[in-house]
Amino acid sequence: MVIVFNPAAGQRRALLLWRVLDVMSENGVRFEVSETSHPGHATKLARRAACAGVPLVVAAGGDGTIAEVANGLSGSPCRLGIIPLGTANVLAHELGLPFAPRAVAAALAFGRSRSVWPGIASGPGGSRLFVQMLGAGFDAQVVHNLPVCLKRALGRSAYVAQSLREIARYRFPRIRLRIDGREDEAASVIVTKGHLYGGCFTLAPGATPTQKGFTVALFDRSGPLAALIYGAALPLNLMPRMPGLRLLQAGSVEICSAAIPAQTDGDAAGEAPLQITDAEAPVSVVVAQ
């Protein structure tokens with residue numbers, strides 16, 4: 001197997017990776033570690049491994065790294081493994097993946113596979129694959145301006161701190177979109193494959209990344225107070241019941257408004273307008289036994 005790791009993730013996450021690798025070495029599992037050096041490099045490394053006939057490529061990182069590796073494996077029979085080292089690890093929680101080093105190593109060596117359907121966001125800047133969700137509006141503004149050093153130092157709490165900073169300056173423009181051709185609008189939009197958001201917090205009950213299609217979360221209420229209330233509801237798992245939130249099913253979504261910030265799987269993804277559809281084929285992901 002080939003393990004794709006981003007060394008910029010920091011020393012603490014590197015230590016977690018080495019613990020998994022130590023267990024694998026002890027059990028005679030053969031692997032090769034490929035380190036990334038720039039955004040998009042994980043896609044190139046994964047594609048190269050898949051073309052060479054490697055049966056399993058492992059993304060060692062968060063949802064953004066997983067999405068890059070999945071993009072490189074798209075259209076190939078190569079399976080995707082995951083060593084969850086990210087800040088939120090949403091897809092790992094979604095699929096019930098293990099986090100303890102020995103359990104992670106066992107899953108990679110002996111785990112079964114499940115098919116996951118990624119999404120594709122296409123716009124003026126090109127196409128971008130995502131494995132869990134796309135956000136447009138306030139949450140994307142937070143991701144765009146979040147300092148990397150703050151994210152490394154505070155982890156998930158960095159998003160809370162940055163959200164408080166952005167509330168004072170974000171203008172909360174209305175976002176126009178088409179959901180399966182039907183026009184709609186909202187203050188913020190999250191297009192999700194799964195039911196979790198921001199870690200292990202519920203946003204869209206019943207949604208699963210193993211099926212085609214999306215759940216579109218439309219936040220109708222706008223402004224700083226609404227953002228604070230929605231943010232407080234998320235860790236309490238009250239988000240699906242909040243007034244002003246609509247959850248709609250869709251096969252395709254078009255975000256029509258221009259100059260709206262977007263993020264995919266916790267990474268900045270340019271601006272709308274964007275066309276969101278399913279990937280052409282699923283990706284086979286190694287899960288627990």
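Helix α5 (residues 101-110) supplies the largest share of the lining of the largest cavity, with three residues. The model described here is predicted. It holds one cavity of 30 Å³ or more, and eight salt bridges are counted in it. The points below cover that cavity, the salt bridges, two buried residues and a nonpolar patch on the surface.

**Cavity**

- Rolling a probe the size of a water molecule over the atoms shows where empty space is left.
- The largest cavity encloses about 40 Å³ of space.
- Its lining is made up of I82, L97, P98, V104, A107, L108, V286, V287 and A288.
- Helix α5, which spans residues 101-110, gives three residues to this lining, the largest share.

**Salt bridges**

- Side chains of opposite charge can pair when their charged atoms come close.
- The count of salt bridges in the model is eight.
- D184 and R246 pair through their side chains, with a distance of 2.9 Å from N to O.
- D184 belongs to strand β10 (residues 182-186) and R246 to strand β15 (residues 245-250), so this salt bridge ties together parts that are 62 residues apart in sequence.
- D184 is partly exposed because its relative accessible area is 23%, a value between the limits of 20% and 50%.
- R246 also falls in the partly exposed class, at 28% relative accessibility.
- R169 and E166 form another salt bridge, in which the closest N and O atoms are 2.8 Å apart.
- E166 has a relative accessible area of 0% and is therefore buried, the limit for that class being under 20%.
- In the salt bridge between R178 and E183, the closest N and O atoms are 3.8 Å apart.
- R178 is partly exposed, with 30% relative accessible area, whereas E183 is exposed at 65%.
- R178 and E183 are also part of a network of salt bridges that includes E254.

**F219 in strand β14**

- F219 sits in strand β14, which covers residues 214-219.
- The relative accessible area of F219 is 7%, so this residue counts as buried.
- Leaving out residues up to four places away in sequence, F219 touches A186, A187, S188, I190, L203, Y230, M239, G244 and L245.
- Among these contacts of F219 is A186, and residue 186 is the end of strand β10 (residues 182-186).
- L245 is another of the residues that F219 touches, and strand β15 covers residues 245-250.
- From F219 to R182 the C-alpha to C-alpha distance is 17 Å, and the two are 37 residues apart in sequence.

**T43 in helix α2**

- T43 is part of helix α2, which runs over residues 41-51.
- With a relative accessible area of 9%, T43 is buried.
- Apart from neighbours within four places in sequence, T43 is in contact with E68, N71 and G72.

**Nonpolar surface patch**

- V160, L164 and L228 make a nonpolar patch of about 280 Å² on the surface.
- L228 is located in helix α9 (residues 224-233).
- The relative accessibility of L228 is 42%, so L228 is classed as partly exposed.
- This value for L228 is 42%, and residues enter a patch at over 30% relative accessible area.

Key. Residues numbered from 1 in each chain as written. Predicted model: local features only at pLDDT ≥ 70, side-chain atom pairs only at ≥ 80, totals over all residues. Heavy atoms only, no water. Helix = DSSP H or I, 4+ residues; strand = E, 2+ residues; numbered from the N terminus. Buried < 20%, exposed > 50% of the residue type's maximum accessible area, 1.4 Å probe, protein only. Contact = heavy atoms within 4.5 Å. Patch = residues over 30% accessible without salt bridge, like charges linked within 9 Å, V, L, I, M, F, W, Y side chains within 5 Å. Areas by Shrake-Rupley, 256 points an atom, 1.4 Å probe, with all protein chains shown as cover. Salt bridge = Lys/Arg side-chain N within 4 Å of Asp/Glu carboxyl O. 1 Å grid on protein atoms, 1.4 Å probe; cavity = no way out; pocket = protein on both sides within 12 Å on 5 of 7 lines; lining within 4 Å. Points joined across faces, edges and corners; volume = space filled by probe spheres on them.
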